[in-house]
Amino acid sequence: MRRAAALCLPAAAWLLGAADEPVLVPDVSQREVEILYSFTGADLLLFGAIVYPDGRRPDRPADVVVVLKGPDQSITMREKKKVAGIWVNADRARFRSAPSFYAMASSRPISQIVDERTAAIYELGVDKLQLSPASLNDSAELDRFQAGLVDLRERAGLFVERPGTVEITDGVLYRARLPLSARVVVGDYTAETFLVQDGRVVAAAVRDISVRKSGFERFMAVAAERWSFLYGLAAIALAVGMGWAAGAIARRL
Amino acid sequence: MDLYLPIANLSVNALVIIALGGVVGLLSGMFGVGGGFLTTPLLIFYGIPPTVAAASAASQVTGASVSGVMSHMARGTVDFRMGGVLIAGGVIGAGLGVLLFRLLQSLGQIDTMIGILYVLMLGGIGLLMAKESIQALVALKTGKRLQARTRRHHPLVAALPMRWRFYRSGLYISPLAPLLLGVATGILTMLLGVGGGFILVPAMLYLLGMTTQSVVGTSLFQILFVTMATTMMHAMTTKAVDLVLAMLLLIGSVTGAQIGTRISMSIRPEYLRILLAFIVLLVAGRMALGLGWRPDEIYSIEVQ
């Protein structure tokens, strides 16, 4: 039902809003990303068309920003400080909605496309993410923790910013590539596309992408969660069996 | 050769993990230590989440011990009675370890605690072993015989009530001493993700005064069963045992353990012990530096 609605939405919007605003018709190269034993990450192609009312293109070319977002997580961040010569976790902050994955590409650097406020509203950029702090830290502290989170996730390939990589062809077709790291969590991802004209977001559209484990990997994850006793037994049996086999072989040699 | 780990949620180079298991297995066969004290830090260094590393390392230690226990059983160097008492203590200790782990985790101090424990335990035991084995080596070189120790076990051990005979260990002591030793190693197994062999071997030698021949076999025997219990506890509570990771580690370590056992038979025990003391001190030194140096990561993320 939801899928059907999502499919009808752009078409309906196109018909209804045809009068004045442009419409985005987005798509992604993969609606489902399957994690298999050989999964080392994926490259997603986000592309689509900009449909202008009556086919009239504006004089100044519009900009496109695409954002790929993973499921939100509730996290606790800790900060180490030197206490009595030893580095220990001292301060902490809790955030209710930190995205597990965030990748953004834009046709030009974000600061040249929109102002700070608009960027914050649409969460354009890793420094603009709304993490919903759930602990009593002052704002300077929260900023420090957010910078720490961004740094960690950027180095893990979980936060990606690629300004200037959205290609727009003839002002109506756009395409961008975003990398999906091998460390992504499974769940429902969204690919959002924003059309920006004169610093204003004039159209937005969303596509859902589901990232899931399949085959053997899925079976393992489910088994560990649901049949944990049997899974534990299997782990022990595997260890003892392999140890025994190696011993038996070595004695023959 | 990249392979995706279904529980750790990342892909690793399978050959690197197998090689890592091989090195650890070699040490485990040679010294009768589980090798967890090397596996867990190395896996974390490679980027595996700490809980998954500790949980999967436990099952790797199981596999490495099986082949070791079998070789020692064939040579009749396992004291089953002593091992049984140690295992009982180890399982109790692992249970206590779970509670302690949760408490420290909620305080956010588990990493620091692990670091301090490593430095204290490894540093203390490494120094003790180094001193002892250097004395033995000097005696060997100069041809002077070491004075035979008149008192074979620690006076505190002798003070405990109720004595049992442990024939293969050549002991007549209270079972409470090995039981308490088992509890202590069980707690460490759960907290540090180690088998506890590096504590057990010297404690059996210097505190209980067991005969050298049966120490390695008996400690491996205890490690085998305590790591099995720990693997099960991890599978049931943290659900962090990664079978694919364990499998890769096992392929390396069971092979390494066989080679290690053979090597240990052809090297003088004095040399083996000084080598182990050196490795233990090296790890302790690295951990101590880690506590005092500015860490690579100031921030850490815990997902609820």
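# Chat about two helices and a hairpin

Me: Let's start with α6(A), which residues are buried there?
Reply: The buried residues of α6(A) are A:Y231, A:G232, A:A235, A:I236, A:A239, A:M242, A:G243, A:A246 and A:G247. Buried means 20 or more other C-beta atoms lie within 10 Å of the residue's own, exposed means 12 or fewer, and partly exposed is in between, with C-beta atoms placed from the backbone. Helices (H or I, at least four residues) and strands (E, at least two) are DSSP runs numbered from the N terminus.

Me: Anything I should know about the model and numbering?
Reply: It's a predicted model, where local features need pLDDT of at least 70 and side-chain atom pairs count only at pLDDT 80 or more, while totals for chains, interfaces and linings use all residues. Residues are numbered from 1 along each chain as its sequence is written, and chains are lettered from A and ligands numbered from 1 in the order in which they are written.

Me: OK, what do the buried residues of α6(A) pack against?
Reply: They pack against α5 (215-226) of chain A, plus α3 (50-74), α9 (212-237) and α10 (243-266) of chain B.

Me: Switching to α4(A), which residues are buried?
Reply: A:F145, A:Q146, A:L149 and A:R153 are buried in α4(A). Seen down the axis of α4(A), the buried residues fall within an arc of 100° (directions from the helix axis to the C-beta atoms), so they line one face of the helix.

Me: And what's exposed on the face turned away?
Reply: That face of α4(A) carries the exposed residues A:A140, A:D143 and A:R155.

Me: How many residues sit between β5(A) and β6(A) in their hairpin?
Reply: There are 2 residues between them, and A:A84 in the turn has a positive phi of about 55°.

Note on methods: Contact = placed C-beta atoms within 7 Å. Pairing = 2+ DSSP bridges.
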